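Reader: I would like to learn how to read the features of a model like this one. Please take them one at a time, with the general idea before the case.

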Amino acid sequence: NIWTSNINGGHQTVDKDGSMLEYEDYTFEGEMQNILNATGQLFAAWPEKLALGAALSSVFAFFGADVVLYYTFLAMTFTDFTLGVSIGCRDNHCIDLHKIGRGIKKLVTFNLYILLSCVASMTTAHIGLEAGAPYLVNLFIGYLIFHEMISVIRNMEILGFTPPPLLKRFL
């Protein structure tokens with residue numbers, strides 16, 4: 001049998017006869033190097049991200065929705081996702097795949113809801129209710145932003161941050 005243990009901030013894997021198979025040292029410098037490598041990979045993918053951003057902006061411009069609201073929604077969603085993964089790592093000392101799966105499902109589902117609200121907006125515009133057509137999508141995205149904001153505040157509270165008393169009343 002193989003067992004693992006944490007020793008001095010590192011992680012060691014030991015065989016059944018007690019011989020050490022591997023030892024990984026978790027240091028601040030090592031983690032910073034991992035972050036720098038990941039950041040470099042993100043910058044390498046910059047042209048693709050720029051193309052995706054232009055495509056999303058075009059879709060929202062087509063439906064007359066506010067692109068800034070959508071990007072704010074994405075920022076809140078990814079912040080909530082990151083905090084949820086942080087809580088999972090803190091509580092389980094590993095990445096919780098169930099929480100990651102739930103976060104991905106939430107992102108996909110919310111985007112499908114936004115797409116449906118775009119279709120509803122387009123439909124109302126074509127049947128003669130043009131006064132409220134673009135605002136339908138914006139109102140729905142605004143609702144999702146507030147939904148995510150509450151989730152972010154709750155996750156921050158779980159991580160030990162104290163929300164202001166005014167915000168605590170809404171939770």
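Author: We can begin with charge pairs. At 23% relative accessibility, Lys106 counts as partly exposed, and this residue is a good place to start.

Reader: What is the general idea behind a salt bridge?

Author: Side chains of opposite charge can pair when their charged atoms come close. Bear in mind that this is a predicted model.

Reader: How many salt bridges does a search of the whole structure find?

Author: The search returns two. In one of them Lys106 pairs with Asp80, with 2.5 Å between the closest N and O atoms. Lys106 belongs to helix 4 (residues 97-126) and Asp80 to helix 3 (residues 67-92), so this pair ties together parts that are 26 residues apart in sequence.

Reader: With which residue does Glu148 form a salt bridge?

Author: Glu148 pairs with Lys106, the closest N and O atoms being 3.1 Å apart. Here the partners sit in helix 5 (residues 133-158) and helix 4, so the pair ties together parts that are 42 residues apart in sequence. Asp80, Lys106 and Glu148 are thus linked in a network of salt bridges.

Reader: Are the two acidic partners, Asp80 and Glu148, buried or exposed?

Author: Asp80 is buried, because its relative accessible area is 6% and the cut-off for buried is under 20%. Glu148 is buried as well, at 0% relative accessibility.

Reader: Where do these helices belong in the overall pattern of the protein chain?

Author: Along the sequence the pattern reads β-β-β-α-α-α-α-α-α, and the chain has six helices and three strands. Of its 171 residues, 25% count as buried. Among the contacts with a separation of 6 or more, 45% are between residues 24 or more positions apart.

Reader: What can be said about the length of helix 4?

Author: Compare the span with the expected one. Helix 4 has 30 residues and covers 43 Å from its first C-alpha to its last, close to the 44 Å expected at 1.5 Å a residue. After helix 4 comes Gly128, which has a positive phi, near 105°.

Reader: Which residues of helix 4 are buried?

Author: The buried residues in helix 4 are Ile100, Gly103, Leu107, Phe110, Ile114, Ser117, Cys118, Ser121 and Thr124. That set includes nonpolar side chains such as Leu107, along with Ser117, Ser121 and Thr124.

Reader: Which residues form the nonpolar patch on the surface?

Author: The patch is formed by Phe62, Ile104, Val108, Leu112, Leu115, Val119 and Met122, with about 640 Å² of accessible area together. Helix 4 supplies the largest share, six residues. Phe62 is found in helix 2 (residues 46-63), and Phe62 is exposed at a relative accessible area of 62%. For the protein chain as a whole, the accessible surface comes to about 11,800 Å², of which 68% belongs to carbon and sulfur atoms.

Reader: How is a pair of aromatic rings described?

Author: By the distance of the centres and the angle of the planes. This structure holds seven aromatic pairs. One of them, Tyr70 with Tyr71, is tilted, at 6.2 Å centre to centre and 55° between the planes. Tyr70 counts as buried at 5% relative accessibility, whereas Tyr71 is partly exposed at 31%.

For Tyr113 and Phe140, the ring centres are 6.4 Å apart and the planes stand at 80°, so this pair is edge-to-face. Tyr113 lies in helix 4 and Phe140 in helix 5, so the pair ties together parts that are 27 residues apart in sequence. Tyr113 is partly exposed, with a relative accessible area of 41%, and Phe140 is partly exposed at 23%.

Reader: Which residues form the aromatic cluster?

Author: One cluster is formed by Phe60, Tyr70, Tyr71, Phe73, Phe110, Tyr113, Phe140 and Tyr143. Phe110 also appears among the buried residues of helix 4.

Reader: One more residue, then. Which residues is Asn138 in contact with, leaving aside its neighbours within four places in sequence?

Author: With that exclusion, Asn138 is in contact with Ala65, Asp66 and Leu69. Asn138 lies in helix 5 and counts as buried, at 17% relative accessibility.

Methods
Residues are numbered from 1 along each chain as its sequence is written. This is a predicted model: local features need pLDDT of at least 70, side-chain atom pairs count only at pLDDT 80 or more; totals for chains, interfaces and linings use all residues. Side-chain values use heavy atoms; hydrogens and water are left out. A salt bridge is a side-chain nitrogen of Lys or Arg within 4 Å of a carboxyl oxygen of Asp or Glu. Helices (H or I, at least four residues) and strands (E, at least two) are DSSP runs, numbered from the N terminus. Buried means under 20% relative accessible area, exposed over 50%, partly exposed in between (1.4 Å probe, protein chains only). Contact means heavy atoms within 4.5 Å. Accessible areas come from the Shrake-Rupley method with a 1.4 Å probe; for residues, only the protein chains shown count as cover. Patches are made of residues with over 30% relative accessible area and no salt bridge: like charges are joined within 9 Å, nonpolar side chains (Val, Leu, Ile, Met, Phe, Trp, Tyr) within 5 Å. The expected span of a helix is 1.5 Å times one less than its number of residues. Rings of Phe, Tyr and Trp (its six-membered ring) pair if their centres lie within 6.5 Å; planes under 30 degrees apart count as stacked, over 60 as edge-to-face and the rest as tilted.
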